[in-house]
Amino acid sequence: MSPGVTPTTLQALWRSRRSSGPPIAHTFRGTYADHWVRFHSLPGSKRYPESEDEYAIVLDRYNTILDELFAGAEVFVVTMDWSTTPTGPAGYPTPRQTLHPDGIRWWTESDQDDPDPEFHTHTRLYADRRPWLRGCVDELLRAVADEALVEVFFTDTELRRIHHPYDGGADVILATPAERDQLRDQHTEWLSSHPAGL
C-alpha cells in the first residue's frame, strides 16, 4: 500500500465515507441502489466469454468504464478471500495472491451467527493503491470473468466511485444519481433488458 495509507487508515476512511455497510462488494447494489447501474460484459447479456475475441470485448467494456471513472487518478484495488477462522487458510483455492501480490489485508468481516463454529466465515479484504492505467488490472479482470475471483472492486481514493466487476458484468456505484444517469446513458447498449437493470 502507498506510503501514508495503512489498513487502519483505510478502515477509518471506509467507515467515514461509506457508513451504510461493510466493503462487501455483492452488497453494494442494494446498499447504494440510488447510485447504482449495472453493465453487461458481452452482447446479448452472455455471461462467460468462450473465445479470445469475447475476452477482448469483456476487457474493453470493463476498461472503458474504469477509464471513465478513474482516468488520471489513483485507485484502491481490492480483492477477497474467506476462511473458517480469521487467520486460517483460504476456504477455497483462488489465484488472488498471485494476481494481487501487493494487497495488504485491511478488513475482516466475520459472520458468526450460526451456533456451530464450523459454519462461521471470515471474509478478508486486501487492498493496494496504484495509479489507474488502462489495462493495469487485466489479469484480475480476466480471472473475474472466469469466476476464478469474486468480490473484487476498484475505488478512487476518496471512495466516491466504485466498480465491482463480476462474471457477466459490473456493478458501478457513482457519486450521485445524476452522475449514475449520465454514465448509464452513455452506454445504453451494455444495459440489461431486465426491468430492474439486472
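Three elements, E1, H3 and E7, each supply at least two residues to the lining of the largest cavity. H3 gives the most, with 3 residues. Bear in mind that this is a predicted model, so everything here is read from computed coordinates.

How many cavities of 30 Å³ or more turn up in a search of the whole structure? The answer is 1. The largest cavity has a volume of about 50 Å³. Around that space you'll find Phe39, His40, Ser41, Arg61, Tyr62, Ile65, His163, Gly169, Ala170 and Trp190.

Then there's the largest pocket, with a volume of about 280 Å³. Its lining is made up of 18 residues, and the ones that lie nearest the centre are Arg38, Arg47, His164, Tyr166 and Asp167. E1 and E6 are the elements that give two or more residues to this lining, and E6 gives the most, with 3 residues. Rolling a probe the size of a water molecule over the atoms is what shows where empty space is left.

Here's how the two linings, plus one helix contact we'll get to shortly, break down by class.

| Site | Nonpolar | Polar | Charged |
|---|---|---|---|
| Lining of the largest cavity | 5 residues | 4 residues | 1 residue |
| Lining of the largest pocket | 6 residues | 5 residues | 7 residues |
| Contact of H3 with H5 | 8 residues | 1 residue | 3 residues |

Now for the sheet. It's an open one of 7 strands, in the order E1-E7-E6-E5-E2-E4-E3, and the pairing is antiparallel. Which strands sit at the edges? They are E1 (36–40) and E3 (104–111), each of which pairs on one side only. Going from one strand to the next, the twist averages 20°.

Take a look at E2 (residues 74–83) and E4 (residues 121–131): they run antiparallel and are joined by 10 bridges. Within that pair, threonine 79 of the model stands opposite tyrosine 126 in E4.

Helices lie against this sheet too. H1 (residues 7–17) lies across E2, E3, E4, E5 (153–156) and E6 (162–166), and runs at about 55° to E3. H3 (residues 52–70) also packs on the sheet, where it touches E1, E2, E5, E6 and E7 (169–173). The direction of H3 makes about 170° with that of E6.

H3 has a helix partner as well. Two packed helices are described by the angle between their axes and the distance between the axes. For H3 and H5 (residues 138–145), the axes come within 10 Å and cross at roughly 120°. Is that crossing left-handed or right-handed? It's right-handed.

Which residues meet there? From H3 come Glu52, Tyr55, Val58, Leu59, Tyr62, Asn63 and Leu66. On the H5 side they meet Asp138, Leu141, Arg142, Val144 and Ala145. Tyr62 is worth picking out, since this H3 residue meets H5 and also lines the largest cavity.

So H3 comes up again and again: H3 packs on the sheet, crosses H5 and gives the most residues to the lining of the largest cavity.

Definitions and conventions
Residues are numbered from 1 along each chain as its sequence is written. This is a predicted model: local features need pLDDT of at least 70, side-chain atom pairs count only at pLDDT 80 or more; totals for chains, interfaces and linings use all residues. Side-chain values use heavy atoms; hydrogens and water are left out. Two strands pair if DSSP finds at least two bridges between them. Helices (H or I, at least four residues) and strands (E, at least two) are DSSP runs, numbered from the N terminus. Axes are lines fitted to C-alpha atoms, for helices over the stretch in contact, and angles run from 0 to 180 degrees between N-to-C directions. Contact means heavy atoms within 4.5 Å. On a 1 Å grid over the protein atoms alone, a cavity is a set of points where a 1.4 Å probe fits but cannot get out, and a pocket is an open set with protein on both sides within 12 Å along at least five of seven lines; lining residues have an atom within 4 Å of a point. Grid points are joined across faces, edges and corners, and a volume is the space filled by probe spheres set on the points. Ala, Val, Leu, Ile, Met, Phe, Trp, Tyr, Cys and Pro count as nonpolar, Asp, Glu, Lys and Arg as charged, and the others, Gly among them, as polar. A crossing is left-handed if the near helix is turned anticlockwise from the far one by less than a right angle, and right-handed if clockwise.
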